[in-house]
Amino acid sequence: MRGRLLALLFLALALLRTLWRRARGERQPGLERFRENYADDGLAPLSAADRAQMADFGRCIACGRCDRGDGPRIATSRGQFQGTMNLVLAATRSLPDYGAAARSFEFLTDAELERKEGLCPTAVPLRRLAAFVRANAPAARVSLPRAQGTKSIPSSFPPADRTSDSARQQR
Ligand code: SF4
């Protein structure tokens, strides 16, 4: 009961603060707040047209037909390309992964993507998907540090003790 009352109190205070800020004209546009909150996670806001396109990209039924001819590419890619289907199903489903997905698409030319589109039973627009990934890749960052330093994430993992490491090596 006490917990609920506290929750209600916090909600009421948050509402009052929001109303107060709006009344003073301090309201930050939603998109600006989105960018501020999610830029570190590599998530960029998408337009209505982008969202409509993403529905087309999600038509894949994992039949594997577009993997035809990918064997040599997979073998020479040193892990950067794991087949077209994998690219459609996994790497392109999450905006923060677009950097890696764009590197994988470098193993496929537009002509090859066009040929693969002809094999696809659900007409996934592979060339459009590749263009979309390339266009949004610069915003993606999962493992790259931010220009102003990596995000500080609370962790229970103890920091590395470099002094004792070097002392151990000298012994
Ligand atoms: S051919 Fe089309 S449906 Fe089949 S795995 Fe490739 S993209 Fe998906």
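A residue counts as exposed here if 12 or fewer other C-beta atoms lie within 10 Å of its own, and as buried if 20 or more do. Keep those two cut-offs in mind, because the labels "exposed" and "buried" rest on them. Ala123 shows how this works: it has 10 other C-beta atoms within 10 Å, so it is exposed.

What you see above is a predicted model. The mean pLDDT of the protein is 81, and 81% of the residues score at least 70. Confidence is highest in helix H7, at 97, and lowest in helix H9, residues 162–170, at a mean of 44. Over residues 148–171 the pLDDT stays under 50, and the model has 3 contacts beyond four places in sequence for that stretch. Where pLDDT is low, the predicted coordinates should not be read in detail. I will leave that part alone.

Now the overall layout. The protein has 9 helices and 0 strands. Along the sequence, the pattern is α-α-α-α-α-α-α-α-α. Of the 171 residues, 16% are buried. If you take the contacts between residues at least 6 apart in sequence, 65% of them join residues at least 24 apart.

Let me start at the front, with helix H1. It covers residues 2–23, which is 22 residues. From its first C-alpha to its last it reaches 31 Å, close to the 32 Å expected at 1.5 Å a residue. Is H1 buried or in the open? The number of buried residues in it is 0, so H1 lies largely in the open. After H1 comes Gly25, with a positive phi near 75°.

Helix H6, residues 98–105, is another case. Here 6 of the 8 residues are buried, so H6 is largely enclosed by the rest of the structure. The buried ones are Tyr98, Gly99, Ala100, Ala101, Ser104 and Phe105. What covers them? The cover includes H5 and helix H8, residues 126–136.

Those helices come up again in the largest nonpolar core. This core has 19 residues, and those with the most contacts inside it are Val88, Ala101, Phe105, Leu129 and Val133. H5, H6 and H8 each supply at least two residues of the core. Which helix gives the most? That is H8, with 5 residues. To take one core residue, Val88 touches Cys60, Val124 and Leu129, leaving out residues up to four places away in sequence.

Cys60 leads us to the ligand. There are 15 residues around the ligand, and Cys60, Cys63, Cys66, Met85 and Cys120 come nearest. Among the elements of the structure, helix H5, residues 84–89, gives the most to this shell, with 3 residues. By type, the shell divides into 11 nonpolar, 3 polar and 1 charged.

Next, two alanines with an odd backbone angle. Ala62 has a phi near 60°, a positive value in a residue other than glycine. Ala62 sits in the loop between helix H3, residues 48–57, and helix H4, residues 71–76. With 9 other C-beta atoms within 10 Å, Ala62 is exposed. The second is Ala123, which we met at the start; its phi is near 55°, again positive in a residue other than glycine. Where does Ala123 lie? It lies in the loop between helix H7, residues 110–119, and H8.

Two more residues, to compare sequence with space. Glu32 is in helix H2, residues 30–38. It has 10 C-beta neighbours inside 10 Å and so counts as exposed. Glu32 and Pro45 are 13 residues apart along the chain, and their C-alpha atoms are separated by 9.4 Å.

The other is Asn136, in helix H8. How far is Asn136 from Gly42 in sequence and in space? They are 94 residues apart in sequence and 9.7 Å apart in space, C-alpha to C-alpha. Asn136 has 19 other C-beta atoms within 10 Å, so it is partly exposed. Apart from neighbours within four places in sequence, Asn136 is in contact with Ala44, Leu95 and Tyr98. Tyr98 is one of the buried residues of H6.

To sum up: H1 lies largely in the open, while H6 is largely enclosed. H8 gives the most to the largest nonpolar core, and H5 gives the most to the shell around the ligand.

Note on methods. Residues numbered from 1 in each chain as written. Predicted model: local features only at pLDDT ≥ 70, side-chain atom pairs only at ≥ 80, totals over all residues. Near = placed C-beta within 6 Å. Helix = DSSP H or I, 4+ residues; strand = E, 2+ residues; numbered from the N terminus. Nonpolar A, V, L, I, M, F, W, Y, C, P; charged D, E, K, R; others polar. Expected span 1.5 Å × (residues − 1). Contact = placed C-beta atoms within 7 Å. Core = buried A, V, L, I, M, F, W, Y, C linked by C-beta atoms within 7 Å. pLDDT = per-residue confidence, 0-100.
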